[in-house]
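Work through the exercises below with the model open beside you. Try each task before you read its solution.

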Amino acid sequence: MIPQELRQIIPPVQLDLLKTHQLSQEFYREVQYRQAFEGYCHWYRQTAESHRKELQKMRQDLNILGWFRRRTR
């Protein structure tokens, strides 16, 4: 949004250029935000899958504490 004071000083043609520039900057920031969010989501999915596999592997491991207590899973 362009302040009223600038609207009175800047000629209409340059005002249109300024508006276009501001719009392109907002679009660029939105693209960056979405790419960063997509990267985070990708990392999160990979991490969650890794943790699921690790948990599954841990569930299949020998329960050493239970073995010392004379119990098995």
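## Exercise 1: A salt bridge

A salt bridge joins Arg34 to Glu30, with 2.7 Å between the closest N and O atoms. The model is a predicted one.

**Task.** Show that the distance between Arg34 and Glu30 fits the salt-bridge rule, then place both residues in the chain.

**Solution.**
1. The rule asks for a side-chain nitrogen of Lys or Arg within 4 Å of a carboxyl oxygen of Asp or Glu.
2. The closest N and O atoms of Arg34 and Glu30 are 2.7 Å apart, and the two form a salt bridge.
3. Both residues belong to helix α2, which covers residues 12-60. They sit four residues apart, about one turn of the helix.
4. Arg34 has 55% relative accessibility, so Arg34 counts as exposed. Glu30 has 34%, so Glu30 counts as partly exposed.

## Exercise 2: The other partner pair

**Task.** Which residue forms a salt bridge with Arg52?

**Solution.**
1. The partner is Glu49, and the closest N and O atoms are 2.9 Å apart.
2. Arg52 and Glu49 both lie in helix α2, three residues apart. That is about one turn of the helix.
3. Glu49 has a relative accessible area of 35%, so Glu49 is partly exposed.
4. The count by this rule is two salt bridges.

## Exercise 3: Aromatic rings

**Task.** How many aromatic pairs does a search of the whole structure find? Classify the pair Tyr33 and Phe37.

**Solution.**
1. The search finds four aromatic pairs.
2. The ring centres of Tyr33 and Phe37 lie 6.4 Å apart, and the planes meet at 15°, so this pair is stacked.
3. Both rings are carried by helix α2, four residues apart.
4. Tyr33 is exposed at 54% relative accessibility. Phe37 is partly exposed at 47%.
5. Now take Trp43 and Tyr44: 6.4 Å centre to centre, with 65° between the planes. Planes over 60 degrees apart count as edge-to-face. This pair is edge-to-face.
6. Trp43 and Tyr44 also join Tyr40 in one aromatic cluster.

## Exercise 4: The whole chain

**Task.** Is the protein chain spread out or a compact globule?

**Solution.**
1. List the elements: three helices and zero strands.
2. The radius of gyration of the protein chain is 29 Å, well over the 11 Å from the globule rule for 73 residues, so the chain is more spread out than a compact globule.
3. Look at the box: the C-alpha atoms fill roughly 85 × 20 × 10 Å along the principal axes.
4. Check burial: buried residues make up 5% of the 73 residues.

Definitions and conventions:
Residues are numbered from 1 along each chain as its sequence is written. This is a predicted model: local features need pLDDT of at least 70, side-chain atom pairs count only at pLDDT 80 or more; totals for chains, interfaces and linings use all residues. Side-chain values use heavy atoms; hydrogens and water are left out. Helices (H or I, at least four residues) and strands (E, at least two) are DSSP runs, numbered from the N terminus. Buried means under 20% relative accessible area, exposed over 50%, partly exposed in between (1.4 Å probe, protein chains only). The radius of gyration is taken over C-alpha atoms; the globule rule is 2.2 Å times the number of residues to the power 0.38. Rings of Phe, Tyr and Trp (its six-membered ring) pair if their centres lie within 6.5 Å; planes under 30 degrees apart count as stacked, over 60 as edge-to-face and the rest as tilted.
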